[in-house]
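Subject: Structure for your review, with notes

Dear colleague,

Please find below the structure I promised to pass on, followed by an account of what turned up when I went through it. I would be glad if you read the notes with the coordinates open beside them.

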Amino acid sequence: MKKIAVYATITPFGGGSFQYATSMVEALSQLNRSSYDIRVWYKHSSWEAVLKPLDIRGASLTPTVPAYMAKTLVKLQQLAEENALSPAQVQEFQALLSTLDPIRQLNDWQPDVCIQPQMGFQAICHGSVHIGVIHDLMHRYESRFPEVGNPEEAAKRDEYFQNTVSNCSAIFVDSEVGKQHVMESYNAADGQCKVLPFAAFNTM
């Protein structure tokens, strides 16, 4: 069975990008579940309403730790740093931490494919095939707008878009024009860029 992870830090306040991400997950839900296991790690709780009708498992990237447990974790961390725990206790402590660390859970799951539906690549899921997105290159093609055209912002965008191209086997773009822009700007390969237009999310 192929395992597909979606690492979704995008929130509803991301406008069209959130719509794009939810539509992507809805499309994934149509895959044969006997052949594909799909899970979504999300930052904003609004994803719960998206995933429930699609019958897709999700995990929050910002889990709530009860106060009593937080105090225990702090104390255990102090003991570990002071080498006051036995090797077995250290192992138990690490196992406890893993249950509270969503990124570690994601990496331990070892997905075959990791999709990051928001712009910007995060170095997670080593060994997985990565799929990223690039929607907006206004800092290059519409640089007259000060919010994207100032040198500092343009340099930052170039850095994380180039990082996406360098680390992702496939990149979703929203149009043929967008595809040409990404290829021209960051030397992305023709076969690396896949046109996936914006589409309505039908479930909700």
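To begin with the overall fold, how many helices and how many strands are there in the protein chain? The model, which is a predicted one, has nine helices and seven strands in its protein chain. Of the 204 residues in the chain, 38% are buried, and the accessible surface comes to about 11,400 Å², with carbon and sulfur atoms accounting for 52% of that area. If one takes the contacts between residues at least 6 apart in sequence, 59% of them join residues at least 24 apart.

The next point concerns the interior space. The structure holds one cavity of 30 Å³ or more, and the volume of the largest cavity is about 40 Å³. Its lining is made up of Gln116, Gln118, Gly120, Phe121, Ile131, Gly132, Val133, Thr164 and Cys168, a set that divides into four nonpolar residues, five polar ones and no charged ones. Strand 5, which covers residues 129–133, gives the most to this lining, with three residues.

One of the lining residues, Thr164, deserves a closer look. Thr164 lies in helix 8, which runs over residues 151–167, and it counts as buried because its relative accessibility is 2%, where the cut-off for buried is under 20%. When neighbours within four places in sequence are left aside, Thr164 is in contact with Gly120, Phe121, Gly132, Val133, Ile134 and Ile171. Among these partners, Gly120, Phe121, Gly132 and Val133 also appear in the lining of the largest cavity.

Finally, there are the cysteines. Why is there no bond between the sulfur of Cys125 and the closest cysteine sulfur? The closest one belongs to Cys114 and is 3.6 Å away, which is too far for a bond, since a disulfide requires the two cysteine sulfur atoms to be within 2.5 Å. In the structure as a whole, the number of disulfides is zero. Cys125 is buried, because its relative accessibility is 1%, and Cys193 likewise counts as buried, with a relative accessible area of 3%.

With these notes the structure is now in your hands, and I look forward to your comments.

Kind regards

Terms used. Residues numbered from 1 in each chain as written. Predicted model: local features only at pLDDT ≥ 70, side-chain atom pairs only at ≥ 80, totals over all residues. Heavy atoms only, no water. Helix = DSSP H or I, 4+ residues; strand = E, 2+ residues; numbered from the N terminus. Buried < 20%, exposed > 50% of the residue type's maximum accessible area, 1.4 Å probe, protein only. Contact = heavy atoms within 4.5 Å. 1 Å grid on protein atoms, 1.4 Å probe; cavity = no way out; pocket = protein on both sides within 12 Å on 5 of 7 lines; lining within 4 Å. Points joined across faces, edges and corners; volume = space filled by probe spheres on them. Nonpolar A, V, L, I, M, F, W, Y, C, P; charged D, E, K, R; others polar. Areas by Shrake-Rupley, 256 points an atom, 1.4 Å probe, with all protein chains shown as cover.
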